[in-house]
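Trainee: I've just opened this one and would love a walk through it. Let's start with a single helix and work outwards.

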Amino acid sequence: MVPPRRRGALLPTLVVVAFLVVLLVIATRLWVDLLWFQSVGFSQVFTTTLGMRALLFVVGALLAGGSVALSLSLGYRTRPIYAPVSPEQASLDRYREQVEPLRRLATIVIPIAIGLIAGATTSQAWRVVLLWANRTPFGVRDRQFNLDAGFFVFTLPLLRFVLGLLVACVVLSAIAAFITHYLYGGLRLQGGGDRTTNAARIHLSVLIGLFLVLRGASYWLDRYSLTTASHTLADDFTGMTYTDVNAVLPAKLFLAIAAVVVGVLFVVSIWTRSWRFPAIGVSLLLICAIAVGGLYPAAVQRFQVRPSEGTRESPYIQRNIEATRAAYGLQAVDVADYNAQTTATSGQLRNDAETVPGIRLLDPSLVSDAFRQLEQVRQYYAFPDSLDVDRYRIGGKSRDTVIAVRELQLGGIAAGQRNWVNDHTYYTHGYGLVAAYGTQRTTDGKPVFYEGQIPPTGELGKYEPRIYFGEQSPSYSIVGAPTGTTPFEFDYPDASQNGNTTTTYNGKGGVALSSFARRAAYALTFQEQNILLSNRINDSSRILYDRNPRDRVEKAAPWLTLDGDPYPAVVDGRVKWILDGYTTTDAYPNAQKTTLDRATQDSITARQGAVTALPAERINYIRNSVKATVDAFDGSVTLYAWDASDPILKTWMKAFPGSVKPLSQVSSDLMSHLRYPEDLFKVQRTLFARYHVTNPGTFYGGSDFWRVPDDPTKAAGVDQPPYYLTLQMPGTDAASFSLTSTFIPSGTGTRNVLTAFAAVDADPGTTAGVKRPGYGQLRVLQLPKDTVVSGPGQVQNNFNANPTVSQNLNLLRSAGGNSRVESGNLLTLPVGGGLLYVQPVYVRGAGATSYPLLQKVLVSFGDKIGFADTLDEALNQVFGGNSGATAPDGNVAGGGKKPTGPAQSSSQQLKAALADAQQAIKDGQAALAKQDFAAYGVAQKALQDALARAVAADAKAPAVPATGTPTAAPTATAIPTPSATGTPLSQPTPVPTATP
């Protein structure tokens, strides 16, 4: 007799091992996360969210898995002892025979699988539950239901979540019951007589009754959800309409009652032993759902509303306007009529002495390459593609500043030097911060840096320059060593024999690798065995990861929506990244919904890698409730309550007590660098383009809607970004750091004329813990409809079409070979009683190492255009030779020359032209000595221009007397001409000698 074959142990062993491996990975990940949260002081966020997610997972798994298991068990235990004899049952016998050996396993595995899926899905609702558990009233009541807005924001989402979970459990249980009863004969679809057993009928009746009761509850909650329903009214409309209030609302109430009644009929059928009346009830419910829920509202809309829609919808449009302006912080916008002047006269800017010096000429989205070439120092350092704008007090005055951090970029290291030791233990941090005056430039168009170099020198004083946490930092670095150990981390390059200085990290950032268990956990997390094996790692080592400032705040405060552009600032002797955090919801009653990514998209966000785009999230309420900082040296995260009145912030502060510090703890130095957030302003300007209209009738017509103009310097269809600059708005007492934008009429094919100018006061002051009065005040200058002021697109067209401008731009393009002219940001300023446009013009030389140099400035006021080397000169051209104000670049050497006028004789003109030619030759020689081919190209252009003026002046000069001696012109030396690649040609090209 052959002994029975023993079942192999390999498969169970593999299953157990796989389970243990998965369990180890999950446990390691949780431990690593806990260590990270402890390192930044937000462990409560981790434990609270983990605990809530675990609780919801268990509840969801037990409800879904348990209900399915119970339904399967009841269906099997109440099966008929003898299955009915019928062809249908005969065909099912084969399936029963195949299922029976696996039945017990299936009744365990199926509920567990469903439970795991349901638990994972349910755990994602931790925000909904925490918000409800810690809810705070808004103090604003909905006008239809007279309920606090907090009900719609906090309670209604929870009720929807619970209802959805219960419906899923009932539906899954009904499916399990139907299949079980059908498979084992308790339910027949064919044949005569009773088609269900008593047990099957009771089981299914209860489940169907429960489903219909829950459906009735859903109809009831649908009534409240109408406050955030979307409609096509006025193109795009959120909230209740006439049809909703007078047709849909009563229909939902009727259907809720009807569904509950039909559900009760199914329960009653347990005793009547017939589904006849419940079946009739279901049929009538379906008919009512179509007739009452669909046809009746459609008829009301078609025959009552549409013939006089504007009048019918007027009260509901008014609700939408009021709710939207409240939800987006637009209630206190100061709108003033501005009768813009279009005629330029001499001295017209005399009353704008505070605004003109604040006109920012450096375009932060263009000068990044200049920062790289002039301040990068080494190829392993980098600057972002779009720089940031801030302000610092230099020489006792607030100066608008273009600023950037010199970050480490591993991609700049030679391929032969890339290895694990170098990438993660040697090159660990960036170094220093670079700042340039936003309103100044050098004679050759470079930024004027007041902070830079390595080690840092300049006006910002002493600060910690090492950047361990930044937007381009490596994924992780391992730093630190015992006291007395020879430093092995690269610090910065110098002129020493080794060519660099080394350091040892002594901060408290990151997680200490103080044990083998921690090293093993991180080796598993980063899948890198060297973390265990390398002798660079010791008990004093610390691992730095999640180093992007935005990622760190997002992880520490997962309830915040973060602004897309963190910016650096020197605060109290440390470089800090400053971020704006928003609390949002899509459930504020009757407020207009918008999509964050669309509302904040502009020509800057459209550039790959410039700034982080906001998520495609639908919202209808937003507050800048939190200011956050991340220390660039130790990575510490600090949150400050910026809008303590926000109910959503109050709710999250209850959920995570102590995680957000009060405004009173904001230092004076930090306060001076905070600003009004750009993304919030973009959302507000998008909404205000429509919601500046407060009359329901006018709003319905849409004839007075505005839109943000396209950026005229970029491809069509991309919004112009808002701009930070210091200006004094009409009607205010002093200039203030502001964020500005413009509006043009809405619609396609409309003229590109200006309808309004908007600026928000972006300066919170310098007092510790107190916001300056006036901060956040949004002011809008609305132009009369009968006044025509060109919009940004039309002004750019005027610049491009002007013969003088076009000719000079062509000369700039031809200077030095394949130069490229780049238009900077087109700024709009309300000065001189009108609107002034200012645009810097950059010239970029050929070659991979070229960078833009600010060479010209374009100015427009009314129909006048100025085009000169400096803003001061361009303003004087527009305003009759004297603008009345001094521009910030008026003292640029060689750039502030007044145009040659009739008062100069031809001999004086000739003398000036020859002097300029000699200076251009010297500039060219100096540029070549520095290998600065872009500057050399500019010098060549200046030389050509000077020679042309000299020839013209010579032609007008009187004949030299016979006894006189002609003035000798300077002789130009041979200067090599740069090639298209930025490398000097091997043979110098002599420049002709100027002969008068």
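**From one helix to the core**

Trainee: Which residues are buried in helix α12?

Mentor: In α12, residues 516-525, the buried ones are Arg519, Ala521, Tyr522 and Ala523. Buried stands for under 20% relative accessible area, exposed for over 50% and partly exposed for what lies between, with a 1.4 Å probe and protein chains only. Helices are DSSP runs of H or I with at least four residues, strands are E runs of at least two, and both are numbered from the N terminus.

Trainee: Anything I should keep in mind about the model itself?

Mentor: It is predicted, so local features need pLDDT of at least 70 and side-chain atom pairs pLDDT 80 or more, while totals for chains, interfaces and linings use all residues. Residues are numbered from 1 along each chain as its sequence is written, and side-chain values use heavy atoms, without hydrogens or water.

Trainee: Back to α12, then. What covers its buried residues?

Mentor: The cover includes α1 (10-40), β16 (511-512), α13 (530-533) and β17 (542-545). Take Tyr522: leaving out residues up to four places away in sequence, its contacts (heavy atoms within 4.5 Å) are Val32, Leu35, Val511, Leu513, Gln527, Ile531, Ile543 and Tyr545.

Trainee: Gln527 is in that list. What is its phi like?

Mentor: Positive, near 50°. Gln527 follows α12.

Trainee: And which residues touch the most other members of the largest nonpolar core?

Mentor: Tyr522 is one of them, along with Leu433, Trp559, Tyr588, Leu639 and Trp652, in a core of 123 residues. Helix α18 (residues 678-691) is the biggest contributor to this core, giving seven residues. Another core of 58 residues lies apart from it, with Leu725, Ala759, Leu836 and Leu875 among its members. Such a core joins buried Ala, Val, Leu, Ile, Met, Phe, Trp, Tyr and Cys through side-chain atoms within 4.5 Å.

Trainee: Let me zoom out. How many helices and strands are there?

Mentor: The chain has 24 helices and 34 strands. Of its 996 residues, 52% are buried. For contacts between residues at least 6 apart in sequence, 69% join residues at least 24 apart.

Trainee: New topic: how many aromatic pairs does a search of the whole structure find?

Mentor: It finds 42. A pair needs Phe, Tyr or Trp rings (six-membered for Trp) with centres within 6.5 Å; planes under 30 degrees apart are stacked, over 60 edge-to-face, the rest tilted. Phe138 and Tyr621 are edge-to-face because their planes are at 75°, with ring centres 5.7 Å apart.

Trainee: Where do Phe138 and Tyr621 lie?

Mentor: Phe138 is in the loop between α4 (126-133) and α5, while Tyr621 is in strand β23 (residues 621-631), so the pair ties together parts 483 residues apart in sequence. Phe138 has a relative accessible area of 14%, so it is buried. Tyr621 is buried too, at 3%.

Trainee: Nice. What about Trp642 and Tyr775?

Mentor: They are also an edge-to-face pair, 5.6 Å centre to centre with 85° between the planes. Trp642 is in the loop between β24 (637-641) and α16 (647-655), and Tyr775 is in the loop between β28 (756-761) and β29 (778-782), so to speak two distant parts of the chain, 133 residues apart. Both Trp642 and Tyr775 are buried.

Trainee: Last one: which residues do ring pairs link into a cluster?

Mentor: Tyr380, Tyr381, Tyr426, Tyr427 and Phe490.
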